[in-house]
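Let's take a walk through this one together. Have the viewer open and follow along as we go.

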Amino acid sequence: MALSMTGFSFKEADTEQGILLLEFRSLNNRYLELQVKLDESLRSFEPMIRDLISAEIKRGKVDCRIYFKSKTHALDVKNVDTIKLKQLATSVDEIAKYFPHVQPINALDILKTTEIMHDQSVNINLLEQDLKKNLKEALIEIQASKAREGEKLQKILLDKLKDIEMLIDEAKKILPVLIKEYQTKIENKFKDALIAIDDDRLKQEFLIFIQKMDIDEELNRITSHIDEVRRLLKTDGAIGKKLDFMMQELNREANTLGSKSISPKTSQISVDLKVLIEQMREQIQNIE
């Protein structure tokens, strides 16, 4: 299944030690461009985070933001160390003797003083486990988002391939007619010039024409390229660059058809082919 490079996921996880917020945004890009923004408490995990992301996403501009709000920093009176609180109160009373006009200390400000809290530092190993688990789940979500978009792109491309096949079938049908028309035209010219129809010059003229308009090889290569594109669209993983290369090859054959064209009909087929190929190429720019 083709994956689009456009995707989004957001995950909020309430863990034992705090709340993890993970946000992913992915856009089109020629290569993998990864931007990671983390809380300071998560900075040491950046190499691990980058490795996990790059193992799943191969192409695109990916913006990853992860925040962690620790529960140990909550303003909970149950976390207060009463011994330290009494020591702080004694210190405040002593200071107040020298500054009698200073306003009393606000209780909320006291709770924000980490020195009076019990030691509840974050368990790094547990935080790493929680981070890995939720990061993998967030990656699954964004890949699912990209897959849904990729399914739409795949349908568009398969429809375009059918249109290309119809043009190829049309070209194969009109070629014998064009050859017969040209043969009749040459024979009439030779008759008008009173030249024997079985003359070697007639045969040579007709042979040059046949060689010039022989596009069986180009049509067969286009059919082969179509089969390869269909195969790639059923392949998992990063296929965008391979598909882009196949569009170059298809366009090359379409140009050759145009250069060999000997009628308005085949010229129009060549133009229509190039339009379809360009439309496919534009859609492929969105595929990972």
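What follows goes from confidence to strands, then to two buried residues and the salt bridges.

Keep in mind that this is a predicted model, so a look at confidence comes first. The mean pLDDT of the protein is 84, and 78% of its residues reach 70 or more. Where is confidence highest, and where is it lowest? Helix H1, residues 46–56, comes out on top with a mean of 96, while helix H3, residues 107–111, sits at the bottom with a mean of 60. Where pLDDT is low, the predicted coordinates should not be read in detail.

Now for the strands. Start at E1 (residues 7–14) and follow the chain into E2 (residues 18–27): the two run antiparallel and are joined by eight bridges. Three residues lie between E1 and E2, and together these strands form a hairpin. To find your register, pick Glu12, whose bridge partner in E2 is Leu21. E2 also pairs with E4, again in the antiparallel sense, over ten bridges. A handy marker for that pairing is Ile19, which stands opposite Lys69 in E4.

Stay on E4, which covers residues 60–70, and go to Ser70. Is Ser70 buried or exposed? Its relative accessible area is 11%, so Ser70 is buried. Leaving out neighbours within four places in sequence, Ser70 is in contact with Gln17, Gly18 and Val122.

Another residue worth clicking on is Leu34, in strand E3 (residues 32–38). Leu34 counts as buried because its relative accessibility is 16%, and the cut-off for buried is under 20%. Which residues does Leu34 touch, once those up to four places away in sequence are set aside? The answer is Arg50, Ile53 and Val62. Take Arg50: the C-alpha atoms of Leu34 and Arg50 are 7.8 Å apart in space, with the two residues 16 apart in sequence.

On to charged side chains. A search of the whole structure turns up 16 salt bridges. One of them pairs Glu46 with Arg43, with 3.2 Å between the closest N and O atoms. Glu46 has a relative accessibility of 18%, so Glu46 counts as buried, whereas Arg43, with a relative accessible area of 33%, is partly exposed. Asp63 and Arg65 form another salt bridge, and there the closest N and O atoms are 3.2 Å apart. Asp63 counts as buried because its relative accessibility is 18%, while Arg65 is partly exposed at 27%.

Then there's the salt bridge between Glu288 and Lys146, whose closest N and O atoms are 2.6 Å apart. This pair links distant parts of the chain: Lys146 belongs to helix H4 (residues 124–192), Glu288 to the segment after helix H8 (264–284), and 142 residues separate the two. Are the two partners buried or exposed? Both Glu288 and Lys146 are buried.

To finish, look for a place where salt bridges share partners: Glu217, Glu218, Arg221 and Glu253 are joined that way into one network.

Note on methods:
Residues numbered from 1 in each chain as written. Predicted model: local features only at pLDDT ≥ 70, side-chain atom pairs only at ≥ 80, totals over all residues. Heavy atoms only, no water. Salt bridge = Lys/Arg side-chain N within 4 Å of Asp/Glu carboxyl O. Buried < 20%, exposed > 50% of the residue type's maximum accessible area, 1.4 Å probe, protein only. Helix = DSSP H or I, 4+ residues; strand = E, 2+ residues; numbered from the N terminus. Contact = heavy atoms within 4.5 Å. pLDDT = per-residue confidence, 0-100. Pairing = 2+ DSSP bridges.
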